[in-house]
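Trainee: Before accepting the labels attached to a model, I would like to see how each one is justified. May we go through them in turn?

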Amino acid sequence: MKNSIKVWTLFSAFLLLITAVGCKKANPTLYPLPTLTGVTDLNNRSVTLNAVSYGDWIILKGTNLSTTYKVDFNSVLAADSLFYADDTSVTVKIPSVLPDPARNPITVTTKYGSATLNFMILQPPPVINSFDPMAGPTGQTVTITGNYFGGVTGVNFGSIPATILSSTNEQIQVSVPAGVTWSYITVTTLSGSVTSSMAYGFSYVVYDDAAATGWSNTSFSATTLLNNTTPVRRGTASIKTTCTSTFGALRVSKASPAVSLAGMRALKCAIFVPAASVSKKVKISINGQSATGITITFAKEGWNDYQIPLTNLGNPTTLSSITFQEFSGLRQEFFVDDLGFF
């Protein structure tokens, strides 16, 4: 009997303990849920922000935040070492990549619950690294490579909008619209716009699978093939030049009359660099004016695209020849394609 009384006493005490704990958990004054009320940056903590960017440091304002152990940005967790919490704020660094270009809700989790704030966290403005090909007809598919293309809202060739065929965060494919001869390419997202540093297309073509009418090979100290079939930057042919002595040159010349360069801005070309020519030099000049030419150093193996302002080539007003002269004192071999002006 005594043992039964003991067991019942212990069981009653256990029930009372569970009841007490349950009451405490249900009591919001003892275990309050977190709230989120706004976002500021670290510089002006009194101004509530409407939007921030990937990778920013921010302060989440609210209540009951001191036991925060997790901060979630649309399913991407902030690193443990990149947030600090007190009762009314959480200082945290936003991850550098998030799932959505703009709509990335923030959720904080404490020992006693969680709170979510729907907030605009914008990806950085778009970045264009390159596009390919560098020229082509209406309807040509152009692949633009870069970053932060999520939520792209438009791609323009100059002022002419292009049809977007596909897009990811790092690549966009578009169809070249009608009316484009040459233009810069602009990509627009919710975060802003960026314009390519290289131009697409030409105003005047010197070589595009074949030399333009009136142009011929006048190379010196070199063997030059105008219908080389591999490698090619675009199309079916390129110019192959093998220097037979040091300082040999690829030169193409125009029969009279010379071409007017009025209104044109730059020379454009693609040069394929074999492994043996990496870090070697070639001097490009117009109309035989070597003193006003520009020397380029081949930075990498493969196709390299160049856009050289005419101001760097002596500001010629007419065009009668273009020279690519080996300038490392070696017998180099290189290939040229898509040569022209815009």
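The exchange below sets values from this predicted model against the definitions behind its labels.

Trainee: Why is Ser277 called buried?

Mentor: The relative accessible area of Ser277 is 3%, and the label buried applies under 20%. Ser277 therefore meets the criterion. The residue lies in the loop between strand E25 (266-273) and E26.

Trainee: What makes the link between Ser277 and Gln332 a polar contact?

Mentor: Their side chains are joined at 3.2 Å, and the limit for such a pair of N or O atoms is 3.5 Å. Leaving aside neighbours within four places in sequence, Ser277 is in contact with Phe298, Gln332 and Glu333.

Trainee: Why is strand E26 described as largely enclosed by the rest of the structure?

Mentor: E26 covers residues 281-286, and five of its six residues are buried, so the description follows from that count.

Trainee: How do you know that E26 pairs with E27 and with E30?

Mentor: Pairing requires at least two bridges between the strands. Four bridges join E26 to strand E27 (residues 294-297), and five join E26 to strand E30 (residues 321-326). Each pairing therefore satisfies the requirement, and the sense is antiparallel both with E27 and with E30. Val282 illustrates this: its bridge partner in E27 is Ile296, while in E30 the partner is Glu326.

Trainee: What makes E5 and E9 edge strands?

Mentor: They belong to an open sheet of four strands, ordered E5-E4-E8-E9 with antiparallel pairing. Strand E5 (76-77) and strand E9 (113-117) each pair on one side only. For E5, two bridges to strand E4 (residues 70-73) are found, and at least two are needed for a pair. Within that pair, Asp72 stands opposite Leu77.

Trainee: Which residues have the most contacts inside the largest nonpolar core?

Mentor: This core has 32 residues, and those with the most contacts inside it are Leu267, Ile271, Leu319, Ile322, Phe324, Leu339 and Phe341. Among the elements that give two or more residues to it are E25, E26, E30 and strand E31 (333-341). Apart from it lies another core, of 22 residues, including Val39, Val92, Ile106 and Leu117.

Trainee: Why is Met120 called partly exposed?

Mentor: Its relative accessible area is 32%. Buried would need a value under 20% and exposed one over 50%, so the intermediate label applies. Met120 is found in strand E10 (residues 120-122). Not counting residues up to four places away in sequence, Met120 touches Asn50, Ala51, Val52, Ala102 and Arg103. Between the C-alpha atoms of Met120 and Asp208, which are 88 residues apart along the chain, the separation is 47 Å.

Trainee: How do you know that Cys243 is in no disulfide?

Mentor: The nearest cysteine sulfur to that of Cys243 belongs to Cys269 and is 15 Å away. A disulfide requires two sulfur atoms within 2.5 Å, so this pair does not qualify. By this rule the count of disulfides comes to zero.

Trainee: Are these two cysteines buried or exposed?

Mentor: Cys243 has 3% relative accessibility and Cys269 has a relative accessible area of 4%. Buried means under 20%, so each of them takes that label.

Key:
Residues numbered from 1 in each chain as written. Predicted model: local features only at pLDDT ≥ 70, side-chain atom pairs only at ≥ 80, totals over all residues. Heavy atoms only, no water. Buried < 20%, exposed > 50% of the residue type's maximum accessible area, 1.4 Å probe, protein only. Polar contact = N/O pair within 3.5 Å; in protein donor to acceptor, adjacent residues only side chain to side chain. Contact = heavy atoms within 4.5 Å. Core = buried A, V, L, I, M, F, W, Y, C linked by side-chain atoms within 4.5 Å.
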